[in-house]
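Colleague: I am new to reading models of proteins. Could you take me through this one by question and answer?

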Amino acid sequence: MRAMVEGGIEIGFKSDVATEIVSQTVKGTVELLMKEKTHPEALIDRVCTPSGTTIRGLNEMETNGFSASVIEGILSAYKVIAK
């Protein structure tokens, strides 16, 4: 979420506005996932339009190793608590 806010600021939103946009986006995503009890990939497939902004952003994050970085961060933190 922090990175999303920073990206919003970089494209011109004030910090409080970027924070609100990100918070509402994440809140809506969590609510949908909990209500529908679905896999995040199914939600991605449903909300992405061909050549749209969402899929373009997600693909760019993957190109830069987003998922792998999150997984490695979780595994690294787990190693600390699993000692």
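The turns below go from the whole chain to single residues.

Modeller: This is a predicted model, in which local features need pLDDT of at least 70 and side-chain atom pairs count only at pLDDT 80 or more, while totals for chains, interfaces and linings use all residues. Residues are numbered from 1 along each chain as its sequence is written, and side-chain values use heavy atoms, with hydrogens and water left out.

Colleague: How many helices and how many strands are there in the protein?

Modeller: Helices (H or I, at least four residues) and strands (E, at least two) are DSSP runs, numbered from the N terminus. From that end the elements run α-α-α-α-α. The count is 5 helices and 0 strands.

Colleague: Is the protein a compact globule or more spread out?

Modeller: The C-alpha atoms fill a box of roughly 45 × 30 × 25 Å along the principal axes. The radius of gyration is taken over C-alpha atoms, and the globule rule is 2.2 Å times the number of residues to the power 0.38. For 83 residues the rule gives 12 Å, and the protein's 15 Å is well over that, so the protein is more spread out.

Colleague: What share of the 83 residues is buried?

Modeller: Buried means under 20% relative accessible area, exposed over 50%, and partly exposed in between (1.4 Å probe, protein chains only). Accessible areas come from the Shrake-Rupley method with a 1.4 Å probe, and for residues only the protein chains shown count as cover. The accessible surface of the protein comes to about 7,000 Å², with 62% of it belonging to carbon and sulfur atoms. The buried share of the residues is 8%.

Colleague: What span does α2 reach from its first C-alpha to its last?

Modeller: The expected span of a helix is 1.5 Å times one less than its number of residues. α2 has 22 residues, and at 1.5 Å a residue the expected value is 32 Å. The span in the model is close to that, at 32 Å.

Colleague: Which residue follows α2, and what is its phi?

Modeller: The residue lies in the loop between α2 and α3. At 73% relative accessibility, it counts as exposed. It is not a glycine, yet its phi is positive. The residue is Lys-37, with phi near 50°.

Colleague: Which other residue has a positive phi of about 60° although it is not a glycine?

Modeller: Look in the loop between α3 and α4 (53-63). The residue there is exposed, with a relative accessible area of 67%. It is Ser-51.

Colleague: Which residue forms a salt bridge with Glu-36?

Modeller: A salt bridge is a side-chain nitrogen of Lys or Arg within 4 Å of a carboxyl oxygen of Asp or Glu, and a search of the whole structure finds 1. Glu-36 lies in helix α2 and its partner in helix α3 (residues 40-47), so the pair ties together parts that are 10 residues apart in sequence. Glu-36 is partly exposed, at 33% relative accessible area. With the closest N and O atoms 2.6 Å apart, the partner is Arg-46.

Colleague: Which residues form a nonpolar patch on the surface?

Modeller: Patches are made of residues with over 30% relative accessible area and no salt bridge: like charges are joined within 9 Å, nonpolar side chains (Val, Leu, Ile, Met, Phe, Trp, Tyr) within 5 Å. One member, Phe-13, lies in the loop between α1 (2-10) and α2 (15-36), and Phe-13 is partly exposed at 36%. With about 360 Å² of accessible area together, the residues are Ile-11, Phe-13, Val-17 and Ile-21.
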